[in-house]
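Visitor: I am new to this structure and would like a close look at a single part of it. Please start where the two chains meet, and then work outward to the rest.

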Amino acid sequence: MFSGLSFTVAQGEGLLLEGPNGTGKTSLLRILAGFGAIEQGALELKGADEELTIGQRAHYLGHQNALKLALSVEENLTFWANFMGQSVSSSTIADHLGAFNLESLSSYSAGLLSAGQKRRLALSRLELVSRPIWLLDEPSVGLDTASCALLADAMSRHMAAGGLLIASTHTDLGLTFKNKVNLGDLGGRAT
Amino acid sequence: MTVFWSLVRRDLVLTLRQGGGAGMALGFFLTVLVLLPLGIGPDLNFLQRLAPGALWITLLLSVLLSTDRIFAPDYEDGSLELMTMGPMPLELVALAKSVAHWLGTGLPLAILAPGLGVLLNLDTLLFGPIMLAMVLGSLALSLLACLGAAVTVGLRRGGMIISLLILPLYVPVLIFGVAATNSVTGVPELFGPSMLILTAISLASLVLAPIAAAAAVRAHMT
């Protein structure tokens with residue numbers, strides 16, 4: 001799909017993946033998360049517990065939101081926090097829902113949410129469970145302007161706290177990324 | 001362990017809240033047991049001889065009915081990707097899903113079987129043994145169902161293939177389950193050995209099925 005790709009992301013830095021549709025942004029993020037293998041080359045995560053893979057230290061937000069429509073907003077978030085090994089109180093949940101303006105919807109079933117609200121619910125998972133790497137695939141899809149600003153805030157908070165961020169997005173979130181990779185220039189063909 | 005039970009609890013809540021889960025299996029079980037005597041006729045002795053086998057076959061088919069809901073919904077909405085990433089090993093994810101499936105379908109059906117067996121004039125002597133054998137056997141059924149669901153994850157309309165794949169694995173459970181149940185009124189010496197073999201099948205599935213299921217999911221996801 002692409003070749004000759006090389007990048008380094010240091011603590012507190014972000015990497016923006018660019019390129020036209022079909023050049024491999026999603027594939028690269030999925031490889032980083034541990035889905036799919038690379039033909040040649042290597043990925044290395046320095047300074048971390050060697051027992052853990054990049055995927056186990058990362059949040060991956062793909063095109064799908066991993067929400068259960070039959071569960072309420074709060075139940076969805078509580079489950080993922082528990083599953084990722086964190087016990088949470090309902091006030092913590094409310095705080096993190098508040099970060100994406102969802103606190104008034106916490107008892108609603110997720111099936112009643114709009115596409116943008118579902119995306120915001122998926123995004124509120126990122127800060128609830130602390131993981132040093134965020135792999136975000138088009139995180140702003142479906143979000144309105146106000147929510148895009150909330151997302152940009154969350155992303156800059158994460159980087160300010162020393163986290164790594166690798167994201168692909170076509171929307172200008174007003175963030176400055178220290179590193180950029182354009183997959184379109186690396187033989188990623190838009191077919 | 002908290003992580004494990006949080007997944008079991010979520011899957012159970014989902015089967016109870018959504019149609020097509022526990023309710024469907026129970027409805028199917030009841031429908032078949034109501035229709036059987038109507039189709040076969042009112043010969044009470046014949047029904048009594050038929051009852052254990054009929055109950056077991058109905059249990060098998062009811063469990064099969066909800067099999068494709070074990071992994072498919074999580075695969076479709078991206079949850080399975082996150083589960084693959086950890087921190088809980090995929091083997092335990094598969095085990096948690098099997099346990100939830102068992103608690104949601106197999107176990108309630110096993111407990112209801114003697115009561116519904118009345119519709120088939122099931123011998124009252126068999127009430128205890130059939131429930132015991134079904135509780136044990138249905139655990140193996142759910143674990144094997146989970147394996148079948150894992151192998152067909154990502155296939156649209158995988159239900160038919162799951163049935164074909166795991167029906168052969170269900171045959172020993174059926175044979176020894178019916179043998180254990182029938183032995184009470186037939187050859188009582190057979191009850192012990194049949195129950196032991198049934199337990200062995202369940203224990204072997206408990207160890208092997210989650211490992212195989214995890215390998216299948218991992219092969220598909222990565």
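Guide: Where the chains meet, 26 residues of chain A are in contact with 27 residues of chain B. Together the two chains bury about 2,200 Å² between them, and 63% of that area is on carbon and sulfur atoms. Of the area that chain A buries against chain B, 31% is supplied by A:Phe35, A:Lys68 and A:Phe83, more than by any other three residues. All of this is read from a predicted model.

A:Phe83 leads to the part worth a close look, helix α2 of chain A, which covers residues 73-83. This helix is mostly covered, with eight of its eleven residues buried. The buried residues are A:Val73, A:Asn76, A:Leu77, A:Phe79, A:Trp80, A:Ala81, A:Asn82 and A:Phe83. What lies over them comes from both chains. From chain A, the cover includes α3 (90-98) and α4 (115-128). From chain B, it includes α1 (2-17), α5 (79-85) and α6 (90-117).

The backbone on either side of the helix has points to note. Just after α2(A), A:Gly85 takes a positive phi of about 85°. In the loop between β2 (58-61) and α2 of chain A sits A:Ala66. Phi of A:Ala66 is near 55°, which is a positive value in a residue other than glycine. A:Ala66 counts as buried because its relative accessibility is 2%, and the cut-off for buried is under 20%.

Further along, A:Asn101 lies in the loop between α3 and α4 of chain A, and those two helices are among the elements that cover the buried residues of α2(A). A:Asn101 also has a positive phi near 55° and is also a residue other than glycine. Its relative accessible area is 46%, so A:Asn101 is partly exposed.

An exposed residue can be found in another loop. A:Thr176 has its place between β4 (164-168) and β5 (179-182) of chain A. With a relative accessible area of 74%, A:Thr176 is exposed, the cut-off for exposed being over 50%. A:Thr176 and A:Leu150 are 26 residues apart along the chain, and their C-alpha atoms are separated by 15 Å.

Now for the chain as a whole. Chain A has five helices and five strands. Along the sequence they follow the pattern β-α-β-α-α-α-β-α-β-β. The C-alpha atoms of chain A fill a box of roughly 50 × 35 × 30 Å along the principal axes. The radius of gyration is 17 Å, which agrees with the value near 16 Å that a compact globule of 191 residues would have.

Of those 191 residues, 48% count as buried. Contacts in chain A often span long stretches of sequence: among those between residues at least 6 apart, 74% join residues at least 24 apart.

The accessible surface of chain A comes to about 9,100 Å², and carbon and sulfur atoms account for 47% of it. As for charge, chain A carries 14 positive and 18 negative side chains, and the centres of the two sets lie 4 Å apart.

To return to the helix: α2(A) has eight buried residues out of eleven, with cover that includes helices of chain A and of chain B. One of the buried residues is A:Phe83, which is also one of the three residues named for their share of the area that chain A buries against chain B.

Conventions:
Residues are numbered from 1 along each chain as its sequence is written. Chains are lettered from A and ligands numbered from 1 in the order in which they are written. This is a predicted model: local features need pLDDT of at least 70, side-chain atom pairs count only at pLDDT 80 or more; totals for chains, interfaces and linings use all residues. Side-chain values use heavy atoms; hydrogens and water are left out. Helices (H or I, at least four residues) and strands (E, at least two) are DSSP runs, numbered from the N terminus. The radius of gyration is taken over C-alpha atoms; the globule rule is 2.2 Å times the number of residues to the power 0.38. Buried means under 20% relative accessible area, exposed over 50%, partly exposed in between (1.4 Å probe, protein chains only). Contact means heavy atoms within 4.5 Å. Accessible areas come from the Shrake-Rupley method with a 1.4 Å probe; for residues, only the protein chains shown count as cover. Lys and Arg count as positive and Asp and Glu as negative; His and the chain ends are not counted. The place of a charge is taken as NZ of Lys, CZ of Arg, CG of Asp or CD of Glu. Buried area is the accessible area (1.4 Å probe) that two parts lose on being put together, summed over both.
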